[in-house]
Every structure is written in C-alpha cells, then in structure tokens.
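Student: I am new to this structure and would like a close look at a single part of it. Could you take one sheet and walk me through it slowly, and then place it in its surroundings?

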Amino acid sequence: MSQNGSWYIVSALVENKPGVLFRITNLFRARNFNIDSITVGITEQPDLSRMTITTKSDEKTLDQLVKQLRKLIDVVEVKVLDTDKSVFRELALIKMKAVDPTTRSEIMNYASVFRGNIIDIGKETMTVEITGTPDKIDAFKSLVEQYGITQLARTGVSALPRGAEL
Amino acid sequence: MTGAKALIHALEKEGVDVVFGLPGGANLPIYDALVGANLRHVLVRHEQSAAHMADGYARIKRKAGVCFATSGPGATNIVTGLATAYADSSPVVAVTGQVPLAMIGKDAFQETDIIGISNPCTKYAFQPRTAVEIPETVKKAFYISESGRPGPVLVDIPKDVQQATADMHFPDLIKVRGYNPTTDADMSEIGRAVELLLKAERPIIMAGGGVILSGAFPELQALAELMMIPVVTTFKGKGAFPENHPLAMGPIGMHGHAEANKIILEADCILAVGARFSDRSVGRFDEFGKGMSIIHMDIDPAEIGKNKSVDVAIVGDVKSSLRTLVKWLSKKITKRDAEDPWLRRRKELIQYYQETIKDYPREITAKKSIKKLRELLPANAIATTEVGQCQMWASLHFDVITPGTFFSSTGLGTMGFGFPASIGAKAARPQVPVVDIAGDGSFNMTENSLAVSVLEKLPVIVFLMNNYMLGMVAQWQRTFYNRRYSGVHQHRCPDYVKIAEAYGAQGIRAQSMAELENAIKTALKSDVATVIDIPIDPDEDVYPFVAPGSSLKDMITGA
C-alpha cells in the first residue's frame, strides 16, 4: 500500500498445519499489503509455527495489517516487535566471481570482518555465508558488488523479543 | 457411523431444520444419509440460489443457514453466494462434496480447489481428512459462522471421508485457539463516548447492519429516544430503526434519502453503531465527518480505523455496548424537546426535500408502486430486493416498520440474490408475507427458483418493476455517457406472466395503480408464488444520486 514509512517487524504465532501460509499471503495480496520478507518455521511447541514478517509501512497500514492478521482463525497471536528491544537476524548466501588470488584474499578479509564464513570455493567462484541484520547484509553486499555477484539468496528476517519479554 | 451420517447428525444437533442444496457425484453419500433424517431438504435449481436461500434464511432466523453442493461446478456455483454472505456478514454454512482424498491434486473429474477459491470470501474453510473429525468440524463451522462478526464457513468433505466409518464423538462445547471474538466493550471507551455525546450540540446516530445482526433494536430505540436525536442508517442498516418513527431519517449514501445525506453533514458528533463506513454510504472517506467527532461501535476490531479514523472506538457486541451507553447516559442527560433547533432542522429538511423532489410524471411509477405495496403489506411482512434501480427505489420508498424485516445484497450487490433469498426467508418465517422487490434484469438471473417456491410450498411475491432494461446501468449511461446506451436493452423478453404460469406460479400484469392494488391483494391471499409484472417507464431515474467517488455534499436530487 505504501512505499514510505518506517520499517516494522511483525511476529505471529500460527497453527502449524497445511494451508496457513496460503491464507496469510492471500490476505496480504487481497488487502494490498506490501511485505519485504516473510519467514516461517516451527517453534518450541510442535503445533505452532512462528512467522516473521517485515514491512515498510505507515502506521495506519501497519495497524490494519495487524488487525486483519489477528482476524484469521489460524493466527493465534500477533505482535509488532520493538526493534530496540528485539534480536533479529537474517542469513544470506552470496556467490561471487573470484578467479585471481588477490580478489580471493580480499573477499576472505571482508568476510572475516563481517564475521561471515566462506562455505564454498570453486574454480571461478566463492560463496560467503553471512548472518546479521538486513542492514549489515546490505553493507556487505555493496562492498563485494565490485567482484560481480553471480547468485544471491536471502532468508528474510527471523526475530524474537529480548530477555524475559514474551 | 459413516462420515456422511455424522454430518447429518451434527447438523441436527445444531438445530438445523432445513438445508438448501443440489446433489451430484461427490456428495452422493451425504444425500443418501439425508433419507430419513430429521431435517428438510429443499432441492434448488442452481447452487448459487441454494447459497442465497441459506443466506436469506440466516438473515431472518439470525442463525446459520445451510446449503449443500457437489464438487467442482457445484462448489464454484455457490461462490457468488458465499461472497454475498461474506460482504454482508451473514452466517452461512456451506457443505461441499470433494473428490476422494487420493484424487485431490490429480485434476480429477469435477475436482476444484474450493478451499483456495473460497478463501477470500469465507470466514474459514475446513476440509476434514478423516471421518472422525466431522462432528468437531461441524461444531466449529457453526461456532465460527455465527459468533463475533458472522460470516460464511465452508466444509469441503472428500467423498471417501463421507463413506468411511468411525466411532463418532459429538462435542457440546468447542474451543478454537486462534479465534476469540470480543463481546464486552471496554468501559473507559464508553465513558469517553458519553462525554462526547453530552458535549455535542448536533449529535446523530448512524446505525449499520451490526444493529440488525445483533438484534439491538430496543437498545437503539432506547438510546435515540433518551437523547432525542435523529437516526440515519446505512443501507445495510435499513430497518434497524423503525422508519415511521419521529426521529427516523432513513438511509444515507449513494442513493440515500436526501434529508439524511444533508443532515449527517450538519452534525457535530456521529455515533456509528455497527457500521463500517463503506464508500457506498459515506462517499469519499477523506471528506466524510470532517470537523465532527466520530464514535465508532463495532464487534470487529479491524473495522476501527479501516476506512475512517475515529475519536472513540468501542469494540464489542453493539447490543451490550448500547445497553451500557444508555445506562450511563440516562443519569446525566437532559432531554431535548421538540423545539430544540436540531430537531427542528430535521423536520425542515424532510419537508424541504418532500417539496423539492418531483414525482416522475406517469400513471404508474416505481415510487408510487412501492408506496402502494408498503400500504397494503402488514407491518411485519419481510421485504428483500434484487440489485439495481429496484433496490434503490426500495431503499428510498419502502419504509421498514418492524425492525429487522428488510434485507438486501448491500455489500456485494448481487443481481439474482433477492428471489432465492426471499424463499429462504419464507422458510425461516412461513407465517408472514415475503416480498422480493425486483427488477427484470436481476430476476432473470435466478427466476428458475420459481420451481422451488412452487414445489416446496414457499410462496413469495415477486414485485417486478419491469422496464425491460438493465435500468441502473442505463441510468449511468444517461448520466455519465451522454445517453449512449450499450448492452442494456432486454427487448420485451420474456413474458413474465407466462414464465410464472409455466412454473405453476401465478402471474399478474398490473398496468394501472388500480390493477396494482388488486394484484397485491390477490398475491397476499395466494398460496403459490405470485409474479406481479409492473411495466414502468425505462427513463424513470433513481434520485437522489451521489456519484461514485464524490462526497455526500455533491448529491444530485434530480429536482
């Protein structure tokens, strides 16, 4: 709906059963909500999944997104996480052209500064695994763009509130 | 017990007394289980009508109506009915047959992904994968459909699940983890509403469909009479308040009453009860309610702030919220008298528009016909409508006297809804006359339900204002496309009297007001359905008119 506004992390506990992801993404499509990323995975309770949604949105649209999500029968709980009081991480795999030794050692240096790992080296490529906030991944990406990124995969953000907060 | 038998038993346990449906390959076991069951099956001629009948039944009975359809085309045919019920928050439980489990995803004969298709127009859709789940699934389906903000729920049962046997347990209570509808309102918000209402000089009540859904008629009337303030409704809320009441002003909106559209703009505080600020009712969201305080009561938290930001939001069942509000206000309020300038303004506006809006100059017109119908019908008769000009004329000229006796496809605007829905309403309340205020265009779409009305002895009156035109489209083409007509002429086809007679119903053509009066009297005495064919002038427009995308203040009165 809106391209402006702030960046929000919405965390939802949903029933772990077939069709739930469809219902949620269909809601976003039907109501014209734009999302940046969505991740789903099992939780400490086997019958619940946690869904983390990130969206750039104005407050009014965010309010509707949360309320419409809550309305879904399969959605048990929805929270907007306070980014200052939450931990959130994303994983990216970045494959780059790396033929000559200088490039290879530069990439290894950058990866080490960003606490990434080299997880694959081929004759002409290197693949780096990097974990962090989306900003950190963006920063690393722009740093290595000069070598030629041949493939890139990002997981989207997973998040939890800090400390004892639920 | 088989899954199919468990389904029927679960429906009986829910108190279902009638099911509207049509059998096919994938629901044969369900139809077999119906033999000897303690509920009535009404065989329809098209599944869309089954869903509309269930909807009409639900709106009058205020509990879920049930329809059956087979897989594939049977299931897709009910989708329009589900979308209609969804848009108007009507509780419908639809049970569809599905191809056997092992065939799902194989593009089998008459297979369709009805769970996927129905998703945006149902509150929830179930597909039990074992027979033993069926009793609990049915219980959940009714609970979800009828509670909170009501809506349609689909239960899609694969054929082999209908046939499988299991030891069945029928639960009396059910919990759905992710579903906890709000019922009781937040008291502090009611306190703030009281403050705003007491401070206001020109407060107004805008009653929506939520008042009808929760049956909050006495509470609404008590509030209006306590505060002595005017009551407008949305079109969905038409009949939430008796329209012959001295505080009533009728519906607002695109084809609302002129005085209602005018007075709501002059108010300084709007109490919206069970209304959702649809574009059709309020025109432009940004212009509506400018400079006024708005209090919004609704059972659905997602309606708060969706179309309109408000000053106070009271989430809960409007019946209980209104009751609390009346209790709190009655301690503090001083009653307005009839000389209060705000009430004087109400009278002034009604009188002004009565004098300004001219009648269409013909012996027989839509307005005169509907006024005559109202005059001859008992106060407790049920009226529904088709969609188009007929619907808007009904909104303007048919005063609902007993609250909750009028409904229409107001949200989705489904042509062909009124006739089957009136049959459903008749099944829900057989002792009162039921009328479908119709136009020829809409009636064409589901007129084969005449067979159902006649054979099932559910006689209704089709009040057919016939201009052999898709009249509302023609009116828009007159207004916005320089009278360039495109695709609107019905060319005097068919003969509706003969259509009625072909089905064993009664057909009467009324070409004068005297003939119309006789026809209505004859229809009221008839024990079969009656189609009253009333030829009207194809140039008769519906006024007032607020053009789409404009604000209520830009209303055209046609004067």
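Tutor: What follows is a description of one sheet in chain B, and then of what lies around it.

This is a predicted model, in which local features need pLDDT of at least 70 and side-chain atom pairs count only at pLDDT 80 or more, while totals for chains, interfaces and linings use all residues. Residues are numbered from 1 along each chain as its sequence is written, and chains are lettered from A and ligands numbered from 1 in the order in which they are written.

The part to look at is an open sheet of 6 strands in chain B, with the order 2-1-3-4-6-5 and parallel pairing. Strands here are DSSP runs of E with at least two residues, and helices are runs of H or I with at least four, both numbered from the N terminus; two strands pair if DSSP finds at least two bridges between them. In general, strands of a sheet pair through backbone hydrogen bonds, either parallel or antiparallel. At the edges of this sheet are strand 2 (40-43) and strand 5 (124-126) of chain B, each of which pairs on one side only. Direction ignored, neighbouring strands of the sheet are turned by 20 degrees against each other on average, where the axes are lines fitted to C-alpha atoms, for helices over the stretch in contact, and angles run from 0 to 180 degrees between N-to-C directions.

At one edge, strand 2 of chain B is joined in the parallel sense to strand 1 (residues 18-21) of chain B over 4 bridges, and there Phe20(B) has Val42(B) of strand 2 as its bridge partner.

Turning to strand 6 (residues 153-158) of chain B, we find that 6 of its 6 residues are buried, so this strand is largely enclosed by the rest of the structure. A residue is called buried if 20 or more other C-beta atoms lie within 10 Å of its own, exposed if 12 or fewer do, and partly exposed in between, with C-beta atoms placed from the backbone. Both faces of strand 6 of chain B are covered, with Val153(B), Val155(B) and Ile157(B) buried on one side and Leu154(B), Asp156(B) and Pro158(B) buried on the other.

Strand 6 of chain B pairs in the parallel sense with strand 4 (residues 92-98) of chain B over 6 bridges, and Val93(B) has Val153(B) as its bridge partner. Strand 6 of chain B also runs parallel to strand 5 of chain B, to which 3 bridges join it, and here Ala125(B) stands opposite Leu154(B). Strand 5, helix 7 (residues 134-146) and strand 6 of chain B together make a right-handed β-α-β unit; right-handed means that, with the strands pointing away from the viewer, the path from the first strand over the helix to the second runs clockwise.

As for the surroundings, chain B is divided into domain 1 (3-163), domain 2 (187-354) and domain 3 (358-542), with bounds that come from an automatic or database domain assignment. The centres of domain 2 and domain 3 of chain B, taken over C-alpha atoms, are separated by 30 Å, and 15 residues of domain 2 of chain B are in contact with 13 residues of domain 3 of chain B. Contact means that the C-beta atoms of two residues, placed from the backbone, lie within 7 Å. Finally, the contact between the chains takes 13 residues from chain B and 15 residues from chain A.
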